[in-house]
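Here is a short briefing on how the inside of this protein is packed. Have the sequence and the structure open as you read.

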Amino acid sequence: MKNSFSQHKIFFIFLLKFLLFYIAFISIYKLYLHQYDEKKNEIDSFTEVVGFHSIKLMGVFTENVTSQLNQFQPAIKVFYNDMYVARIVEGCNAISVMILFAAFIFAFSIHWKKTILYIVFGIILLHVLNCIRIALLCFSLFHYKQYGSILHGTIFPLFIYGAVFILWILWVTKYSGYVKVSNDK
């Protein structure tokens, strides 16, 4: 058992760091969400920011985009060409994806400064890409409503998860320091 642990020590350290970071930040996020009353249809601030940025981005391409708070649930309703096309809810804000991204980077790190900078850069990039994703999804749902399920459930989630995967690959191969360390041995 001891030989097996020492043989796979790097993996177990990675796993422990990943789980500790992920659990800690998911717990903090849940505490953050607890301050909003879902029964009163209160939307968390970050989801409002994501909605605002997504609507502004859509407005760059067309003038006929509006939004309003949903009176029956904690959501922002998006209208394009006077048609209700989508709702933005807490799950659309990509916070859980950002936490997953950051947990992996943290777990696969050697240098603190580089790690923190990459996490901050990555989260900003993921936010921008998420707003682009939501804007494109809204336009797509207007033009291709019949494909709404596959667009929302498959195509557009691939967009954000694909970006996370690419950022992970870049981190591991270019910035983490592990490749250089293992090549030096």
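How many residues does the largest nonpolar core have, and which of them have the most contacts inside it? In this predicted model, that core has 28 residues. F101, F104, I105, Y118, L126, V164 and W168 have the most contacts within it.

**Nonpolar cores**
- Two or more residues of the largest core come from each of helix 2 (9–34), helix 4 (95–107), helix 5 (112–143) and helix 6 (148–175).
- The most, 11 residues, come from helix 4.
- Another core lies apart from the largest one and has 21 residues. I55, A86, I134 and L141 are among them.
- In soluble globular proteins, nonpolar side chains tend to be buried together.

**Around L126**
- Leaving aside residues up to four places away in sequence, L126 touches M98 and F101.
- With the same residues left out, L126 also touches I160, A163, V164 and L167.

**Helix 4 against helix 6**
- The two helices pack at an angle of about 15°, and their axes are 10 Å apart.
- Angles under 35 degrees count as roughly parallel, so helix 4 and helix 6 are roughly parallel to each other.
- Their crossing is right-handed.
- From helix 4, the contact involves V97, L100, F101, F104 and I105.
- Helix 6 meets them with I160, Y161, V164, L167, W168, W171 and V172.
- By class, this contact of helix 4 with helix 6 has 12 nonpolar residues, no polar ones and no charged ones.

Definitions and conventions
Residues are numbered from 1 along each chain as its sequence is written. This is a predicted model: local features need pLDDT of at least 70, side-chain atom pairs count only at pLDDT 80 or more; totals for chains, interfaces and linings use all residues. Side-chain values use heavy atoms; hydrogens and water are left out. A nonpolar core is a set of buried Ala, Val, Leu, Ile, Met, Phe, Trp, Tyr and Cys residues joined through side-chain atoms within 4.5 Å. Buried means under 20% relative accessible area, exposed over 50%, partly exposed in between (1.4 Å probe, protein chains only). Helices (H or I, at least four residues) and strands (E, at least two) are DSSP runs, numbered from the N terminus. Contact means heavy atoms within 4.5 Å. Axes are lines fitted to C-alpha atoms, for helices over the stretch in contact, and angles run from 0 to 180 degrees between N-to-C directions. Angles under 35 degrees count as roughly parallel, over 145 as roughly antiparallel, 65 to 115 as roughly perpendicular and the rest as oblique. A crossing is left-handed if the near helix is turned anticlockwise from the far one by less than a right angle, and right-handed if clockwise. Ala, Val, Leu, Ile, Met, Phe, Trp, Tyr, Cys and Pro count as nonpolar, Asp, Glu, Lys and Arg as charged, and the others, Gly among them, as polar.
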